[in-house]
Amino acid sequence: MQGKRVLVTGGAGFIGSNLANHLAADNEVIAVDDCYLGTPDNLSDAVDFREQSVLDEDLPTDGLDVVFHIAALSSYKMHEENPTQGARVNVEGFVNTVEQARDDGCDTIVYASTSSIYGDRTEPSPEDMPVEVNTGYEASKLARERYAEYFHNHYDLSMAGMRFFSVYQGMAEGAEGHKGEYANLIAQFADDIANGRRPEIWGDGTQTRDFTHVDDIVNGLVLAAEHELNGIYNLGTGEQYSFNHLVDALNEELGTDVEPVYEENPIPEEIYVHDTMADPTKMHEATGWEPAIDFEEGVARVCDQYT
């Protein structure tokens with residue numbers, strides 16, 4: 001993508017800032033963020049940062065070619081603490097942003113959804129499988145997908161919903177460190193082990209995730225915009241690793257021998273997502289996208305930050 005005027009909401013957060021900084025090399029990029037989880041320190045000087053909420057009525061949507069809507073309250077805990085605010089930010093904020101962009105002539109929207117709505121899966125999850133909602137967070141992201149369907153069918157907008165799978169980068173460098181307790185477990189566990197702290201695992205550590213490096217997520221988001229995709233697409237590696245295996249891999253890479261601490265899971269078992277794994281076939285067939293950073297290389301990159 002080159003020579004475009006682009007808006008990234010949630011643009012000072014973890015994924016948003018990585019995307020904004022990447023695009024700013026060849027495009028005019030505006031990043032909007034209310035700084036709840038983001039910070040302008042994550043952004044390069046080439047990005048035009050605006051401290052605003054996606055609920056504001058005066059978003060900078062003039063002359064846009066693409067909107068990347070990444071802004072969200074992005075966890076189960078955030079939504080349970082304030083379900084109404086979660087719905088406002090994740091649903092109303094999405095509709096508000098798309099409406100303002102549409103009114104100003106932008107017809108290409110790429111937005112963040114979630115893989116959490118697949119529930120527990122030890123098999124790859126395709127986009128067309130039945131899904132259900134067990135948390136406010138999942139409900140808000142599924143609502144986005146339904147509103148996107150409306151915007152496409154009623155206004156013929158290109159609406160690409162990207163279901164992310166366990167995105168990581170690392171705490172020591174990059175934008176993920178600002179997330180603290182909301183950072184991905186690779187980042188949290190690596191930071192604990194590198195600093196001699198025992199990482200805390202909820203349950204027995206057999207639960208699995210499809211860990212996907214943020215560079216691959218950024219590449220997928222850009223391809224979705226360039227191809228003006230519509231519909232729902234997975235961004236994940238198609239592989240899954242247990243938390244116990246993750247701790248072992250981090251110890252091996254860091255040359256340490258730090259044992260985890262096993263604690264009772266505070267999230268009710270009936271709604272806790274134990275296993276995730278993407279089926280990325282649809283995205284690959286539509287754009288040629290495939291993850292370039294496998295689990296071993298990703299762990300090495302995160303651990304390199306401490307050596």
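Helices, taken as DSSP runs of H or I of at least four residues, and strands, taken as runs of E of at least two, are numbered from the N terminus. On this basis the protein, examined here as a predicted model, has nine helices and 13 strands. The radius of gyration is 19 Å, close to the 19 Å that the globule rule gives for 307 residues, so the protein is as compact as a globular protein of that length. Along the principal axes, the C-alpha atoms fill a box of roughly 55 × 40 × 40 Å.

Burial and contact statistics were computed for the whole protein. Of its 307 residues, 56% count as buried. Among contacts with a separation of 6 or more, 77% are accounted for by residues 24 or more positions apart. The accessible surface comes to about 13,000 Å², and carbon and sulfur atoms contribute 42% of that area. The protein carries 17 positive and 59 negative charges, and the mean positions of the two sets are 4 Å apart.

Helix H1, spanning residues 14-23, is mostly covered, with eight of its 10 residues buried. These buried residues are Phe14, Ile15, Gly16, Ser17, Asn18, Leu19, Ala20 and Leu23. Their packing partners comprise five strands and one helix, namely S1 (5-9), S2 (28-33), S4 (66-69), S6 (158-164) and S7 (167-168), together with helix H6 (214-226).

Two buried polar residues in loops were examined in turn. Glutamine 207 is located in the loop between strand S8 (200-202) and strand S9 (208-209). Its relative accessibility is 2%, under the 20% limit for burial, and glutamine 207 therefore counts as buried. The side chain of glutamine 207 reaches the backbone oxygen of tryptophan 202 at 2.6 Å, and a polar contact of 3.2 Å joins this side chain to that of tyrosine 272. Both partners also appear in the contact list of glutamine 207, which, with residues up to four places away in sequence not counted, consists of Ile201, Trp202, Tyr241, Ser242, Phe243, Tyr272, His274 and Asp275.

Threonine 276 occupies the loop between strand S13 (261-263) and helix H8 (281-287). With a relative accessibility of 8%, again under 20%, threonine 276 is likewise classed as buried. A polar atom of its side chain lies 3.2 Å from the backbone nitrogen of aspartate 210. Once neighbours within four places in sequence are left aside, threonine 276 is in contact with Arg121, Phe165, Thr208, Arg209, Asp210 and Gln240.

Backbone geometry was considered next. Most residues other than glycine have a negative phi. Aspartate 156, although not a glycine, has a positive phi of about 60°. This aspartate lies in the loop between helix H4 (136-155) and strand S6. A relative accessible area of 60%, over the 50% cut-off, places aspartate 156 among the exposed residues. Glutamate 228 also has a positive phi, near 50°, and is a residue other than glycine. The loop that holds glutamate 228 runs between H6 and strand S11 (231-235). Because its relative accessible area of 49% falls between the limits of 20% and 50%, glutamate 228 is described as partly exposed.

Note on methods
Residues are numbered from 1 along each chain as its sequence is written. This is a predicted model: local features need pLDDT of at least 70, side-chain atom pairs count only at pLDDT 80 or more; totals for chains, interfaces and linings use all residues. Side-chain values use heavy atoms; hydrogens and water are left out. The radius of gyration is taken over C-alpha atoms; the globule rule is 2.2 Å times the number of residues to the power 0.38. Buried means under 20% relative accessible area, exposed over 50%, partly exposed in between (1.4 Å probe, protein chains only). Contact means heavy atoms within 4.5 Å. Accessible areas come from the Shrake-Rupley method with a 1.4 Å probe; for residues, only the protein chains shown count as cover. Lys and Arg count as positive and Asp and Glu as negative; His and the chain ends are not counted. The place of a charge is taken as NZ of Lys, CZ of Arg, CG of Asp or CD of Glu. A polar contact is a pair of N or O atoms within 3.5 Å; within protein, one must be able to donate a hydrogen and the other to accept it, and residues adjacent in sequence count only if both atoms are side-chain atoms.
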